[in-house]
Structures are given as structure tokens and as C-alpha cells.
Amino acid sequence: MIFSVTAKRLISYDSSSSDGKLWKQFDAFIRGLLAFPLYIPGTAFYQCMQGRKEVMKILRKLFDERKKAPSRREKVDFIDLLIDTIKEDKLAMSDNFALNLIFLLLFAGFETTSSGITAAIKFLTDNPKALQELTVIHESLRLANIAPLLFKKSKEDVHIKAYTIPKGSKVMVCPSIVHLNPTIYEDPNVFNPWRWKEIAEPLGGASKDFMAFGGGLRLCVGAEFAKMQMAIFLHSLVTKYRWKAVKGGTMVLSPGLRFPDGFHIQIVHKY
Ligand code: HEM
């Protein structure tokens, strides 16, 4: 559902008439994203690379068709806007860069929010008390650690306490070390959305104690959109429906959040 909503805005993807190929290729890409980079048929990394190749093929075809077509007066999606901006020379961007941007937005707008929503439903199912006060999104993201690793490069020597990170070093940031730190969050493994009543909303969406959306210059551009999408979804779910867990729901971090057996719920209308 999240893929359809985001892809509709970005590339006018129509989930009802599609054969699901684009989504499946994305899924293969995501599954092997942080896998050991062994490029031989059968490995997760190989499937990931094949998935990306196939998605790029589909996107390139769409991009070329749109580029050749006369400019539409009414801009319907992100590709239209991007092509127009490139044509008007407002943006020095190669076609390849533009295609990678669309790929990135499709990926970033899908995997993240859908895992976040699934984690929130899973936690809410296990904690009916939390349903009464729906301030769950930050707590779900703190525990879910959807982006398990962030990569940075130091642009100058950085001195932290007794250490120096030399200029040019690649640094891997692991947000879960902060999110599950008992000196910051009491009983860090417990789903306790009420703790956020005591914590000030992180300024600009991030702080040194909360980095589910990264932080600083590369703060997630979709953070507010993602929180809104999750809030709308949860609002509709809890006001109109009841649900019960049917199957699955096991959460693993490998290293990104995954639900190996999915999380199947049965939904019934409240009225
Ligand atoms: C629960 C949902 C989401 C989570 C947890 C999440 C997490 C993150 C994190 C941690 C980063 C920083 C990466 C880094 O510093 O290396 C990031 C960057 C980014 N995110 Fe998200 N994200 C979410 C939803 C979205 C959505 C819905 C979109 C787009 C529609 C999006 C687009 C991006 C983009 C384009 C960047 C790169 C920003 C840059 O490098 O300047 N994200 N996200």
C-alpha cells in the first residue's frame, strides 16, 4: 500500500493495473542491500544487484518516454517536474543522476514507512493500553531502528573526548546504540510510548539521543511526510477498525528491520 501511494506521486504508478514487477524487484533489492557483497548467482547480494538493474531498466524506459513526449501543461507527478526543471536548464543534472534520484526516493519512501507502520501495529497489538493514547510513533521508531546504519565521512580531524577521528575517515553510525542506551532511556527494550511525555520533541526532528531520521545536514528529507503518513494510517486504523494478530509478527534486525513471516492481522469494521 505504501509503495503504491508513494510511487503514484513519483511516477504515476498504478498498482491496480500493474503486474507487481516493479515492487518485486524493489523487494529483491532491499533484501540484499546490506548483505555480504558476494556477486554470484543465488546470493542475496546478486539478487539485490539484479533487482536494482531491473528497476533502473523500467525507470529509464519511463523517463525516456516522458522526455520525448511534449511537455504536459498539468504536471502530474515528480518525473514531470524533474524533466521540466532539467529542460529549462534550472538544474545541472544528468539523466543518470535524475534516474538515481527517482530510484532513491522510491526506495526511501517505501521500505521505511511500511516497516515503521508494521512495527507500530505490532507494538500496539501487544500493548492495548497504548491504544488509548496514540503517541507511539517516536517510540516505535526508537525500538525498530529501521535505518540500522548511517555512513559518514569526516571532512576534518574531529576530536571527541580522548579520541581523534582523522580527516577522510569513513564513520559508521549505529543509531540503536543510542536508542537502546539504558542511561538515556529507562528499560530501553520496553515499548513505553508514555516516556515521550517527559521528553521534549527533538528540535528539527533529531537530537543526539534520537536519530531515527539521522541528523544534521543529511537529516531525512521525508521525516515529516513519513510521520504524517504513519499518523494518518494509524488514525484510520484505530478509529474505524479493530484488529487481532493472526500469524507472524517476529521482528528481527538483520541488520535492518525485517518481519521474516510478515505480520498478518485480521481487520474488522468497528460498526
Ligand atoms: C519511518 C520512515 C523513515 C525513516 C526511519 C527514515 C530514516 C532516514 C535516515 C536515518 C536518513 C539519514 C541517512 C544518513 O544520514 O546517511 C534518511 C535520509 C533520507 N531519507 Fe528517510 N526515512 C524515512 C522515510 C523517508 C521517506 C518517506 C522519504 C521520501 C519520500 C525519505 C527520503 C530520504 C532521503 C531522500 C534521504 C537522504 C537525505 C540526504 O542525504 O540529504 N525517507 N532517512
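Is Asp 187 buried, partly exposed or exposed? With a relative accessibility of 48%, Asp 187 counts as partly exposed, because that label covers everything between buried (under 20% relative accessible area) and exposed (over 50%), worked out with a 1.4 Å probe on protein chains only. You'll find Asp 187 in the loop between α9 (175–179) and α10. Its phi is positive, about 45°, although Asp 187 is not a glycine.

Before we go on, a word on what you're looking at: this is a predicted model, where local features need pLDDT of at least 70 and side-chain atom pairs count only at pLDDT 80 or more, while totals for chains, interfaces and linings use all residues. Residues are numbered from 1 along each chain as its sequence is written, and side-chain values use heavy atoms, with hydrogens and water left out. As for names like α9, helices (H or I, at least four residues) and strands (E, at least two) are DSSP runs, numbered from the N terminus.

Let's head for the ligand. It sits in the largest pocket. A pocket here is found on a 1 Å grid over the protein atoms alone, as an open set of points where a 1.4 Å probe fits, with protein on both sides within 12 Å along at least five of seven lines. To sit in one, a molecule must have more than half of its atoms within 2 Å of the pocket's grid points. Around the ligand there are 18 residues, and the closest are Ala 108, Thr 112, Lys 152, Arg 218 and Cys 220; to be near the ligand, a residue needs a heavy atom within 4 Å of it.

Where does that shell come from? Helices α5 (95–108), α6 (111–126) and α10 (223–240), along with strand β1 (150–153), each supply at least two of its residues. By type, the shell divides into eleven nonpolar, five polar and two charged residues. In that count, Ala, Val, Leu, Ile, Met, Phe, Trp, Tyr, Cys and Pro are nonpolar, Asp, Glu, Lys and Arg are charged, and the others, Gly among them, are polar.

Two side chains are worth zooming in on. An N or O atom in the side chain of Lys 152 is 2.6 Å from an oxygen atom of the ligand. Arg 218 has a polar side-chain atom 2.8 Å from a ligand oxygen. Both are polar contacts, meaning a pair of N or O atoms within 3.5 Å; within protein, one atom must be able to donate a hydrogen and the other to accept it, and residues adjacent in sequence count only if both atoms are side-chain atoms.

From Lys 152 you can step across to Ser 169, which touches Lys 152, Lys 153 and Ser 154, leaving aside residues up to four places away in sequence. Touching, or contact, means heavy atoms within 4.5 Å. Ser 169 is found in the loop between β3 (163–165) and β4 (170–173), and its side chain reaches the backbone oxygen of Pro 166 at 2.6 Å. Its relative accessible area is 18%, so Ser 169 is buried.

A little earlier in the chain, Val 158 lies in strand β2 (residues 158–160). Val 158 is partly exposed at 30%, and beyond its sequence neighbours up to four places away it touches Tyr 163, Thr 164 and Ile 165. Then comes Lys 161, in the loop between β2 and β3. Lys 161 is exposed, with a relative accessibility of 83%, and its phi is near 50°, a positive value in a residue other than glycine.

Now for the helices. Ser 140 lies in helix α8 (residues 137–144) and is buried, with a relative accessible area of 0%. Not counting residues up to four places away in sequence, Ser 140 touches Ala 120, Phe 123 and Phe 191. Leu 134, in the loop between α7 (128–132) and α8, is partly exposed at 35%. With the same sequence neighbours left out, Leu 134 touches Leu 124, Leu 234 and Val 238.

Last stop: helix α2 (residues 21–31), where the buried residues are Leu 22, Gln 25, Phe 26, Asp 27, Phe 29 and Ile 30. An α-helix has 3.6 residues a turn, so residues three or four places apart point the same way. The buried residues of α2 pack against α1 (2–11), α3 (44–68), α5, α6 and β7 (257–258). Arg 31 also belongs to α2, but Arg 31 is exposed at 55%.

Technical notes. 1 Å grid on protein atoms, 1.4 Å probe; cavity = no way out; pocket = protein on both sides within 12 Å on 5 of 7 lines; lining within 4 Å.
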